[in-house]
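Please look over the model below. This report covers a sheet, a helix and a pocket.

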Amino acid sequence: MVFRKLPGVSASGMGLRLSQKFVFLLFLSGLVTLCFGALFFLPDSVRLKRIFLSKTESQPVTVGSENDVREHLKKGAKDPEHLRGITSAKGETSTKLKALSRKSSVTNEAKTDKKVAGGEALEDMMLSRSKTDSASKDEKVTSSSNQGANTDTSFDYNKFQKCLLKPHLGIEHGKPSDPQTLQRREKVKEMMKFAWDNYKSFAWGRNELRPLTRNGHIGNMFGEWGASIVDSLDTLYIMGLMDEYNDAKEWVETSLDLNSNGEASLFEVNIRYVGGLLSAYYLTGEEMFKRKVMVLGEKLLPAFNTPTGIPRGVINLGSGTSWSWGWASAGSSILAEFGTLHLEFVHLSELSNNGIYTEKVMNIRKLLNKIEKPHGLYPNFLSPVSGNWVQHHVSIGGLGDSFYEYLIKSYLMSDKTDEEAKKMYYSALEAIEANLVQKSPGGLTYMAEWRGGILDHKMGHLACFSGGMVVIGADDGAPEKRQHYLDLAAEITHTCHESYSRSATKLGPEAFRFDGGAEATATRLSDRYYILRPEVIESYMYMWRLTHDPKYREWGWEAVEALEQHCRVEAGFSGIRDVYAQTVSHDNMQQSFFLSETLKYLYLLFSDDDLLPLEDWVFNTEAHPLPVSCDFNTTVSPVTVTQVSVL
Ligand code: DMJ
């Protein structure tokens with residue numbers, strides 16, 4: 001823009017007319033706003049961004065209101081003497097709900113006081129405990145970095161236990177009377193001991209075992225915190241491997257140093273460590289697990305500091321800085337990652353007596369509920385800045401999978417009171433059926449992937465969890481659809497079994513196709529590997545529990561035999577590179593999910609249903625059992641709601 005000096009205009013006016021000055025100022029302020037706004041689009045690593053936006057950059061824009069939190073936390077207020085599911089949970093006012101209602105009259109001033117008081121209460125509580133060295137280290141961090149996350153942990157474990165229909169009764173628990181099934185269960189237990197012993201001998205404290213080279217693997221996804229140990233705690237415990245469990249517990253107590261500042265996937269940390277520690281606490285009542293998970297939960301909160309409150313994929317656990325995966329298009333966040341926090345975060349709120357965790361995940365839920373969905377489907381990539389979809393790729397396998405799983409499990413874990421989760425789940429399933437579910441020429445039902453309206457006729461091993469997902473939700477959909485859902489679940493599980501039985505090793509490939517003449521087989525070399533994944537066996541376990549069709553136990557046993565024959569090596573279990581090869585080549589990795597999921601689901605498959613009954617427990621996506629919500633009359637103080645705003 002060119003400014004002309006006008007006759008008769010003073011120097012102080014810089015020779016500009018009033019209207020020109022106005023336009024100039026407008027231009028300047030526009031420029032400043034533009035530059036500031038551009039900072040949000042810079043990667044977090046850019047120094048300029050850190051200087052200008054540091055911690056205050058992106059206070060999450062919380063979509064959820066206090067009502068949403070309240071609604072979500074609503075529990076079945078039941079006489080604890082009654083069995084879950086017999087007394088109606090709905091329409092009654094729970095203790096927690098009452099407490100939350102009190103909260104609505106709390107002024108902002110009081111909220112601030114409460115935050116401070118919460119911090120002090122936490123410190124008092126921490127100080128009054130006898131602590132191990134490592135515990136006190138962690139707790140100091142909590143006190144100094146307290147963001148108001150942890151307040152009063154008045155969770156009453158004994159009362160909680162009374163809520164369980166089938167409390168855990170030790171080593172004999174779930175023992176099948178049928179000798180063959182018992183023998184199979186013992187075999188799975190032996191596999192777990194073998195996997196564990198080798199991990200302990202060669203990779204103790206590392207994330208995973210490399211069984212061929214007999215050393216440890218750290219990896220960059222899970223922090224540097226002995227992932228296999230935390231992932232195994234509950235499996236060892238339910239199998240009655242008590243010496244091994246005690247070793248694992250001792251390591252967590254003395255060596256799980258949550259102060260280490262590694263970079264890690266928020267999703268992986270949540271499903272493996274938060275899930276693993278929560279389960280260990282709920283199963284055993286060991287307060288140490290609760291203390292650890294409270295510290296860890298708080299370290300995850302900064303990941304939500306984005307303009308929408310949708311967390312990014314990777315977090316530095318020391319600084320709290322977070323960023324998106326380099327491979328995620330346009331700095332987007334991944335549906336299966338930010339959509340797989342709900343179960344664990346609700347329990348973090350439950351144990352800490354602080355609503356902030358629930359608030360974070362309700363915010364995500366609210367955004368996903370509101371946003372327009374192509375054909376009712378949820379694409380896999382979403383911008384944490386704008387809250388819009390970035391690409392229209394939809395999949396029930398990788399990138400999307402556990403988001404759907406967590407919708408139905410949120411409903412089940414809420415003791416069937418979380419109506420919003422229920423509605424979202426069944427609408428999503430309807431859209432999936434309308435757009436993705438296909439029948440192959442050979443009559444196999446599968447879930448294709450969807451790219452902007454075009455179907456890719458491929459199904460990943462990861463998508464095979466969906467047989468289990470559909471069957472656990474079969475009962476709560478529309479009554480006329482019950483049989484249909486049971487059939488759909490059985491058909492998907494059958495297809496996944498076919499992907500195993502059509503290979504030379506009787507183990508399934510990473511992805512299999514239904515085009516170019518293929519029927520449940522991998523056509524690309526790069527899809528032929530098997531890395532000890534659990535999803536197919538997971539569906540067998542749920543199908544067995546809900547139908548008692550003996551074929552699911554037989555299919556599970558086929559998998560055991562194949563694992564023994566092809567994946568067991570001298571020092572542990574290893575994935576294989578090509579399931580179609582007669583002579584296998586091992587990948588030298590014993591994944592931590594093999595101990596937490598694959599072997600646990602097999603053990604449950606060969607146990608009676610009263611070992612972790614589905615009425616009492618919901619398994620997180622890493623197979624860590626979390627209890628179904630139950631009002632056991634805890635004394636609950638008001639939840640601290642720190643951010644309430646609308647997108
Ligand atoms: C596990 O870590 C979890 O099941 C996750 O949801 C996706 N897949 C792996 C195992 O395959």
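## Strand pairing

In this predicted model, strand 4 (residues 314-316) pairs with strand 5 in the antiparallel sense. Two bridges join the two strands. Ile 315 stands opposite Ser 322 in strand 5.

## The sheet

Strands 4 and 5 belong to an open sheet of three strands. The order is 3-4-5, and the pairing is antiparallel. Strands of a sheet pair through backbone hydrogen bonds.

Which strands stand at the edges? They are strand 3 (263-265) and strand 5 (322-323). Each has a single partner strand, so one side of each is left without a neighbour in the sheet.

## Helix 11

Helix 11 lies across strand 3 and strand 4. The helix runs at about 75° to strand 3. Helix 11 also gives the largest share of the lining of the largest pocket: four residues.

## The largest pocket

The largest pocket holds about 940 Å³ of space. It is lined by 41 residues. Closest to its centre are Gly 398, Leu 399, Asp 401, Leu 462 and Arg 533.

Several elements give two or more residues to this lining. Among the helices are helix 11 (266-284), helix 13 (335-338), helix 16 (401-413), helix 20 (535-547) and helix 22 (592-605). Strand 12 (449-451) and strand 14 (458-460) also do so.

What is the lining made of, by class? It has 16 nonpolar, ten polar and 15 charged residues.

Conventions:
Residues are numbered from 1 along each chain as its sequence is written. This is a predicted model: local features need pLDDT of at least 70, side-chain atom pairs count only at pLDDT 80 or more; totals for chains, interfaces and linings use all residues. Side-chain values use heavy atoms; hydrogens and water are left out. On a 1 Å grid over the protein atoms alone, a cavity is a set of points where a 1.4 Å probe fits but cannot get out, and a pocket is an open set with protein on both sides within 12 Å along at least five of seven lines; lining residues have an atom within 4 Å of a point. Grid points are joined across faces, edges and corners, and a volume is the space filled by probe spheres set on the points. Ala, Val, Leu, Ile, Met, Phe, Trp, Tyr, Cys and Pro count as nonpolar, Asp, Glu, Lys and Arg as charged, and the others, Gly among them, as polar. Two strands pair if DSSP finds at least two bridges between them. Contact means heavy atoms within 4.5 Å. Axes are lines fitted to C-alpha atoms, for helices over the stretch in contact, and angles run from 0 to 180 degrees between N-to-C directions.
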